[in-house]
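Reader: I am new to protein models and would like to learn how to read one with some care. Could you take me through it feature by feature?

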Amino acid sequence: MGFTFYFGSLAGLVSSYDIATPTKEIQWLGSVFTGVFFCVVVYRLTAILSSVLFTGYGKLSSAEKIEWNNRGFSTVHALFVSFASFYLVMLSDFFNEDSQEELVINRSFTFSNSVLGISIGYFLADLAMILWHFPALGGLEYVLHHGLSMFSIIQSLLSGQGQIYILMILFSESTTPFVNLRWHLDIAGLKSSKLYVWNGAALFFGWLIARIFLFIFFFIHLWTHFDEVKEIFPLGFYSLLVVPPVLTMMNLFWFWKIAKGLVRNLSKAKHSE
């Protein structure tokens with residue numbers, strides 16, 4: 001009920017762009033509920049498969065099982081949204097500047113709308129679990145991250161504007177599987193394994209590319225297309241100027257922690273040889 005009210009309130013703020021039709025509204029809500037449903041299904045499947053394939057799963061505490069399963073649907077969403085974002089922005093002609101007369105900033109498509117809606121469903125489900133089990137699944141930084149993400153994605157979905165930038169940021173979710181694998185290896189007692197060290201190195205370079213270099217490209221693209229960006233409705237325009245810098249600061253903070261962890265693990269691995 002609260003989400004519907006919030007969804008409707010934002011729709012009112014961008015209604016002047018007149019892109020909302022009954023068909024599109026059904027598609028938007030359908031994709032959001034699909035995202036939530038997918039999270040519930042993958043959460044259950046993770047529990048079932050883990051109990052069969054991983055003997056140590058049954059020895060985990062109740063809290064550890066909840067986080068284990070939660071990270072299961074987090075990983076699947078990250079894989080889906082990163083591949084979809086890469087396809088839409090890099091491989092397809094959807095956001096190619098020369099493919100259409102319409103400004104890149106104003107382009108939206110059924111597929112891109114569905115991707116954004118599913119991601120809203122994921123962030124909504126994950127945030128609900130984080131708040132319900134707070135702070136076991138993440139502290140205030142996770143609440144801030146998910147809140148800002150949903151706020152930005154909903155605006156872009158309802159207005160049909162700025163989707164290229166939302167998809168760029170969603171591609172940064174490609175680092176999530178490495179984060180989750182690190183946690184799984186740790187909880188499984190494999191923190192001293194070579195796989196843990198290799199995963200840490202992959203996380204470091206993946207984070208550098210997807211959350212540092214990509215954001216640099218993001219801001220360069222934003223600056224070189226600023227005349228188009230100014231066409232976005234006011235709330236969306238100012239959100240685009242505020243939210244990405246906040247996420248960038250969070251990414252830099254986490255990158256610093258990842259780098260410290262990698263150096264520590266490499267040092268341990270070297271001494272153990």
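Author: What follows is a conversation about a predicted model, taken one feature at a time.

Reader: Let me begin with the annotations. Which residues does UniProt place in the feature "transmembrane region"?

Author: The unreviewed UniProt entry gives that feature to residues 32–54, 75–95, 115–132, 195–223 and 235–256. An annotation of this kind may be inferred rather than shown by experiment, and it is useful to set it beside the coordinates. Over residues 115–132 the chain is 100% helix and 0% strand, with the end C-alpha atoms 26 Å apart. Residues 235–256 are likewise 100% helix and 0% strand, and there the end C-alpha atoms are 32 Å apart.

Reader: Which residues does the annotation "domain: TLC" cover?

Author: According to the unreviewed UniProt entry, that annotation covers residues 63–267. In the model this span is 79% helix and 0% strand, and its end C-alpha atoms lie 31 Å apart.

Reader: Next I would like to understand the inside of the protein. Which residues touch the most other members of the largest nonpolar core?

Author: The largest nonpolar core has 58 residues, and those that touch the most other members are Tyr165, Leu167, Leu170 and Val229. The elements giving two or more residues to this core are α2 (22–53), α3 (62–91), α4 (110–132), α5 (140–159), α6 (163–171), α8 (194–224) and α10 (234–272). For a closer view, take Leu170: leaving aside its neighbours within four places in sequence, Leu170 is in contact with Val81, Ser85, Leu116, Ser119, Phe123 and Ile153.

Reader: How should I read a single residue such as His225: is it buried or exposed?

Author: A residue counts as buried when its relative accessible area is under 20%. His225 has a relative accessible area of 12%, and therefore it is buried. His225 is placed in the loop between α8 and α9 (226–229). Once neighbours within four places in sequence are left aside, His225 is in contact with Glu97 and Tyr165. With Glu97 there is also a polar contact from side chain to side chain, at 2.6 Å. Tyr165 has come up already, as one of the residues that touch the most other members of the core.

Reader: May we try the same reading on two serines? Where is Ser50, and what does its side chain lie beside?

Author: Ser50 is in helix α2, and it is buried because its relative accessible area of 10% is under the cut-off of 20%. A polar atom of the Ser50 side chain lies 2.6 Å from the backbone oxygen of Thr46. Leaving aside neighbours within four places in sequence, Ser50 is in contact with Tyr57 and Trp68. The C-alpha atoms of Ser50 and Asn69 are separated by 8.7 Å, although these residues are 19 residues apart along the chain.

The other serine is Ser159, found in helix α5, and at 3% relative accessibility Ser159 counts as buried. A polar atom of its side chain lies 2.8 Å from the backbone oxygen of Gln155, and one lies 3.1 Å from the backbone nitrogen of Gln161. Between Ser159 and Gly200, 41 residues apart in sequence, the C-alpha distance is 39 Å.

Reader: Which residues does a cis peptide bond join?

Author: A cis peptide bond joins Phe134 and Pro135, with omega at about 0 degrees. Pro135 lies in the loop between α4 and α5.

Reader: Finally, how does one look for empty space?

Author: Rolling a probe the size of a water molecule over the atoms shows where empty space is left. In this model the largest pocket holds about 860 Å³ of space. Its lining has 35 residues, and the closest to its centre are Arg71, Tyr142, Val179, Arg182 and Trp254. The elements giving two or more residues to that lining are α3, α4, α5, α7 (176–187), α8 and α10, with the largest share, 8 residues, coming from α10.

Reader: And how many cavities of 30 Å³ or more are there?

Author: The count comes to 1 cavity of 30 Å³ or more, and the largest cavity holds about 330 Å³ of space. This cavity is lined by 30 residues, of which Ser152, Ile153, Ile166, Ile169 and Val243 lie nearest its centre. The elements giving two or more residues to the cavity lining are α5, α6, α8 and α10, and α10 gives the most, with 9 residues.

Conventions:
Residues numbered from 1 in each chain as written. Predicted model: local features only at pLDDT ≥ 70, side-chain atom pairs only at ≥ 80, totals over all residues. Heavy atoms only, no water. Core = buried A, V, L, I, M, F, W, Y, C linked by side-chain atoms within 4.5 Å. Buried < 20%, exposed > 50% of the residue type's maximum accessible area, 1.4 Å probe, protein only. Helix = DSSP H or I, 4+ residues; strand = E, 2+ residues; numbered from the N terminus. Contact = heavy atoms within 4.5 Å. Polar contact = N/O pair within 3.5 Å; in protein donor to acceptor, adjacent residues only side chain to side chain. 1 Å grid on protein atoms, 1.4 Å probe; cavity = no way out; pocket = protein on both sides within 12 Å on 5 of 7 lines; lining within 4 Å. Points joined across faces, edges and corners; volume = space filled by probe spheres on them.
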